[in-house]
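Grab a pencil and have the viewer open. Below are a few short exercises, each with a worked solution.

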Amino acid sequence: MEKKVKIGVISFEHMHALSYTRELLKLPNVELVGIADTDEFRGTRMAFQFGTKYYPDYHDLLETDIDGVIICTCNRLHCEVSVAAAQHKKHILVEKPFAMTAPQAEEMLRAAKENGVQIMNAFPMRFNPNVIEAKQMVDEGKIGDILCITGINHGKIPSGWFIDPSQSGGGGVMDHTVHLADLMRWFTGSEYTDVYCESGSLIHNQHIDDCGIVTADMESGAFVTIDCSWAHHKNYPIWPQVDMEIIGTKGTIDLHAFGQVNRIYDLKGNLVEDVVWNEDGDAGLVREFVSVCRTGQKPNASGADGARALEVAVAAYKSTASHKKIAVEHLNTQE
């Protein structure tokens, strides 16, 4: 029989914690040991909903015999909590973006390496069936060498800590660049060399970047663009939209990661809702993390992958400030 894996969840500040926890409880031989959250009302409500124990202080949860922890705090706390989890010898799945700054990312990777644990970034798109199919086509050479990729990751503007730069590290560029930056690096098998970005607060008047276009060059010679805007209006589906056009020397892939949806028009409520009927990627992400906790194997969507995607967002903000192309500063990502 497989070893039972014990998992803790730290914070429901990020909405994705709900989906990750639901998927966790669907898996065999997995125990949700507890939920830690500084918000007592939110934490006790989630612990009751998922039938587990509430911990006001995440350090107390880390003192238990859990094998791993899922971290869904605000971005500002990713580094602090991840380092603490590594020091307690717990494997880590941390929400994206990996960190707010390059030094934080390096500290997180160093802590994981020094303590012999794996750290994984929450890139569920790597586990989306449509993305996986497109990746296989690329790997099989069906479109030849990749020349360029265009990508769109739109959504609604969030609220709360997401639009507080001291808690989030940035707006749409920080929040929505990293998914596509990771996929483009994964598809090309190449690193970024430089980035040009124009972004700003142009739609919602919240004094944080809500739209932007990121363009980047890669070592392979490929050229990529990312539209990372919080462009959807309030009655538009918040999720999903991750689209890519991958152009190669032999053909093109038009990828819609969430192409399998039923779109519901609610005239009475003046809402449009997309209900995904294919697996969205969260289930695969959580399965991968449980496997990592069980075996200690290096994960797909590792902390190093998260740090590489963060490099693009960091360079994008520097480019916006200077209106110049910025060389990507590669972090020390040895895990």
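The exercises go from one strand to its sheet, then to helices and a cavity, and keep in mind that this is a predicted model.

**Exercise 1.** Work out which strands pair with β10, and in what sense.

*Solution.* Start with strand β7, residues 146–153: it pairs with β10 in the parallel sense, over five bridges. Now look for facing residues. Threonine 150 stands opposite threonine 225 of β10, and isoleucine 149 has valine 224 as its bridge partner there. Next comes strand β9, residues 211–218, which runs antiparallel to β10 and is joined to it by five bridges. Here isoleucine 213 is partnered by aspartate 227 of β10.

**Exercise 2.** Find the turn that links β9 and β10, and pick out the glycine in it.

*Solution.* Follow the chain from β9 to β10: the two form a hairpin, with four residues between them. Glycine 221 sits in that turn, and its phi is positive, at about 100°.

**Exercise 3.** Decide how enclosed β10 is.

*Solution.* Take residues 223–227, the five that make up β10. A residue counts as buried if its relative accessible area is under 20%. Four of the five pass that test, so the rest of the structure largely encloses this strand.

**Exercise 4.** Lay out the whole sheet and name its edges.

*Solution.* Write the strands in order: β12-β11-β7-β10-β9-β8-β15. That gives seven strands in an open sheet with mixed pairing. The edge strands are β12 (252–256) and β15 (326–327), as each of them pairs on one side only.

Now add the helices. Helix α10, residues 303–322, packs on the sheet and touches β8 (192–200), β9 and β15. Its direction makes about 55° with that of β8. Helix α6, residues 129–139, lies across β7 and β12, and it runs at about 165° to β12.

**Exercise 5.** How many cavities of 30 Å³ or more does the structure hold, and what lines the largest cavity?

*Solution.* A search of the whole structure turns up one cavity of that size. The largest cavity has about 60 Å³ of space. Its lining includes His14, Asn75, Lys96, Pro97, Trp161, Asp175 and Trp230. Sort the full lining by type and you get five nonpolar, four polar and two charged residues.

Technical notes
Residues are numbered from 1 along each chain as its sequence is written. This is a predicted model: local features need pLDDT of at least 70, side-chain atom pairs count only at pLDDT 80 or more; totals for chains, interfaces and linings use all residues. Side-chain values use heavy atoms; hydrogens and water are left out. Buried means under 20% relative accessible area, exposed over 50%, partly exposed in between (1.4 Å probe, protein chains only). Two strands pair if DSSP finds at least two bridges between them. Contact means heavy atoms within 4.5 Å. Axes are lines fitted to C-alpha atoms, for helices over the stretch in contact, and angles run from 0 to 180 degrees between N-to-C directions. On a 1 Å grid over the protein atoms alone, a cavity is a set of points where a 1.4 Å probe fits but cannot get out, and a pocket is an open set with protein on both sides within 12 Å along at least five of seven lines; lining residues have an atom within 4 Å of a point. Grid points are joined across faces, edges and corners, and a volume is the space filled by probe spheres set on the points. Ala, Val, Leu, Ile, Met, Phe, Trp, Tyr, Cys and Pro count as nonpolar, Asp, Glu, Lys and Arg as charged, and the others, Gly among them, as polar.
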